[in-house]
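This briefing goes through one structure topic by topic, with the sequence and the coordinates alongside. Please read each point against the model itself.

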Amino acid sequence: MKIVSLVPSVTETLLAWNIEPIACTRFCEQPSLHHVGGTKDPDIAAIVALKPDLVVVDREENRKEDAESLIAQGLAVCDLHVVSVHDVQREMQRLSDLVGGPTLPLGEIAEQEQRSVAFVPIWRRPWMTISRETYGATLLRCLGIHVFQPDSPDAYPTLSDEDLAGLNAQMVLLPTEPYVFSERHIAEVQERTGISDVRIIDGKDLFWWGARTNDALTRLGNDLARL
């Protein structure tokens, strides 16, 4: 089956199932695979030219108009929708059924009682964070960590300098993607927020779902064991 994956999590998951896509995005971090643009700017013409049997997209990762354009070109599109850790098993089984993958074990990942509140920035200049109703936030709740969310209906709110100075959180988790936070940002974040407990965490483990979800929970849990 000729599959094009426009979702990094899906590309990783397909490879874990020993199913190699014929193409993926440059953000999938698979240099040996053919690239067809990015998640937000896929090369539609290049995808059509490959004549895939299936193109996989995700509503949070990709643009609706690109999916519609692919469908208009006569391509079969699998539209996944993962906004919570509790969506993963269902959507992965749906994908697996389409591509001839494995039957996935049933099992619900339980959220734990709140142990701490964390501020999780995903961008800098402007500062942005995640809301409680995103995959990363639900994953952290399974570790007993709730995310601080400003008073905003947005899934990915923007924060002002005043917001940063008034965070109701005990810790800051700096993921290594989508913004590449690193050790050099810790002092700045401590100064801006007044929070001393600032930690770098693996952005893929926090935001990439699918084959890595269970192991990501274990790794993040180990990283965050000291509260």
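Helices and strands are taken here as DSSP runs, a helix being H or I over at least four residues and a strand E over at least two, and they are numbered from the N terminus. With that in hand, Pro178 can be placed in the loop between β10 (171–175) and α7 (186–193). The model is a predicted one, and the points below cover its open sheet, its largest pocket, its unusual backbone geometry, its cysteines and one buried loop residue.

**Open sheet**

- Four strands make up an open sheet with parallel pairing, and their order across the sheet is β8-β5-β10-β11.
- The edges are formed by β8 (145–147) and β11 (198–201), each of which pairs on one side only, while neighbouring strands of the sheet are turned against each other by 40° on average when direction is ignored.
- Strand β5, which covers residues 116–119, runs parallel to β8 and is joined to it by three bridges; within this pair, Ser116 stands opposite Ile145 of β8.
- As a general background, strands of a sheet pair through backbone hydrogen bonds, in either a parallel or an antiparallel manner.

**Largest pocket**

- The largest pocket encloses about 780 Å³ of space, and its lining is made up of 27 residues.
- Those lying nearest the centre of this pocket are Lys40, Glu61, Glu177, Pro178 and Phe207.
- Among the elements that contribute to the lining, α1 (8–16), β6 (121–123) and α5 (135–141) each supply at least two residues.

**Cis peptide bonds and positive phi**

- Most residues other than glycine have a negative phi, and most peptide bonds are trans, which is the background for the four sites that follow.
- The peptide bond between Glu177 and Pro178 is cis, with omega about 5°, and both of these residues are listed with those nearest the centre of the largest pocket.
- A cis peptide bond also leads from Arg125 to Pro126, where omega is near 0°; Pro126 is located in the loop between β6 and β7 (127–129).
- Asn18, although not a glycine, has a positive phi of about 60°; this residue sits in the loop between α1 and β2 (23–24), and it counts as exposed because its relative accessibility is 74%, with the cut-off for exposed set at over 50%.
- Glu29 is another residue other than glycine with a positive phi, here near 55°; its place is in the loop between β2 and α2 (44–50), and at 45% relative accessibility Glu29 counts as partly exposed.

**Cysteines**

- The model has zero disulfides when a pair of cysteine sulfur atoms must lie within 2.5 Å to be counted.
- Cys28 is in no disulfide, because the nearest cysteine sulfur, which belongs to Cys24, is 4.3 Å away and the cut-off is 2.5 Å.
- Cys28 counts as buried at 2% relative accessibility, and Cys142 likewise counts as buried, at 4%.

**A buried loop residue**

- Asp87 belongs to the loop between β4 (77–80) and α4 (88–99), and it is buried because its relative accessible area of 13% falls under the 20% cut-off.
- Once its neighbours within four places in sequence are left aside, Asp87 is in contact with His81 and Val82.

Definitions and conventions:
Residues are numbered from 1 along each chain as its sequence is written. This is a predicted model: local features need pLDDT of at least 70, side-chain atom pairs count only at pLDDT 80 or more; totals for chains, interfaces and linings use all residues. Side-chain values use heavy atoms; hydrogens and water are left out. Two strands pair if DSSP finds at least two bridges between them. Axes are lines fitted to C-alpha atoms, for helices over the stretch in contact, and angles run from 0 to 180 degrees between N-to-C directions. Buried means under 20% relative accessible area, exposed over 50%, partly exposed in between (1.4 Å probe, protein chains only). Contact means heavy atoms within 4.5 Å. On a 1 Å grid over the protein atoms alone, a cavity is a set of points where a 1.4 Å probe fits but cannot get out, and a pocket is an open set with protein on both sides within 12 Å along at least five of seven lines; lining residues have an atom within 4 Å of a point. Grid points are joined across faces, edges and corners, and a volume is the space filled by probe spheres set on the points.
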